[in-house]
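Visitor: I'm new to this structure and would love a close look at a single part of it. Could you pick one spot and walk me through what surrounds it?

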Amino acid sequence: MTGSSVRAVGWARSLPLDSEVKAARDWARGHLDALRWTTTDPETVDAVLLTVSELVTNAHRHAHSTAQLIMTWDQQCLHISVHDTSASLPAPRGPSTERVGGRGMFLVDALADAWEAHPCPHGKTVTACFRGPGPERPRQH
């Protein structure tokens with residue numbers, strides 16, 4: 001077989017509906033620490049942690065579901081995926097003076113290099129991708 005093989009490392013955590021979003025952020029921060037991103041790219045760490053908060057909150061609040069949080073680092077991008085039991089796909093909504101909430105996916109869209117949502121047999125998975133530390137690259141939106 002010719003060509004290069006993909007090398008990735010991943011972590012997974014189940015966050016029941018009654019768990020706090022802080023537990024998801026703390027768990028993610030521990031893995032970002034292990035990747036040394038907290039010292040080499042603290043701005044991306046902040047963006048990743050806010051994205052984790054938003055995606056897990058959406059799973060709990062809108063899907064009324066346990067959130068399955070998966071982080072995968074493939075040496076180029078960190079993929080943050082959250083699976084929940086709702087088939088309803090998210091979409092960014094612009095700011096409004098009439099709504100208190102509803103800005104989560106707008107934030108994810110602004111913070112992540114890319115994101116997508118896919119229906120699954122038992123719900124959906126939303127994945128946000130972040131490029132690793134290195135030269136400045138334009139975000140793809």
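Guide: Happy to! Let's start at lysine 124, keeping in mind that this is a predicted model. Setting aside the neighbours within four places in sequence, lysine 124 is in contact with Val82, His83, Asp84, Ser86, Ser88, Leu89, Pro90, His118 and Pro119. One of these partners, serine 86, lies 38 residues away along the chain, yet the C-alpha atoms of serine 86 and lysine 124 are separated by 6.2 Å. Lysine 124 itself is found in strand S5, which covers residues 123–131. Is lysine 124 buried or exposed? Lysine 124 counts as buried because its relative accessibility is 7%, and the cut-off for buried is under 20%.

Now look at strand S3, residues 77–84; Val82, His83 and Asp84, from the contact list above, are among the partners of lysine 124. S3 pairs with S2 in the antiparallel sense, over six bridges. Three residues sit between the strands of this hairpin, and there glutamine 75 takes a positive phi near 75°.

Following the hairpin back brings us to S2, residues 67–73. On its other pairing, S2 joins strand S1 (residues 9–15), again in the antiparallel sense, over seven bridges. Methionine 71 is a handy landmark here: it is the bridge partner of tryptophan 11, and it also stands opposite isoleucine 80 in S3.

In a regular strand the side chains alternate between the two faces of the sheet. In S2, the covered face holds Ala67, Leu69, Met71 and Trp73, while Gln68, Ile70 and Thr72 make up the uncovered one.

Key:
Residues numbered from 1 in each chain as written. Predicted model: local features only at pLDDT ≥ 70, side-chain atom pairs only at ≥ 80, totals over all residues. Heavy atoms only, no water. Buried < 20%, exposed > 50% of the residue type's maximum accessible area, 1.4 Å probe, protein only. Helix = DSSP H or I, 4+ residues; strand = E, 2+ residues; numbered from the N terminus. Pairing = 2+ DSSP bridges. Contact = heavy atoms within 4.5 Å.
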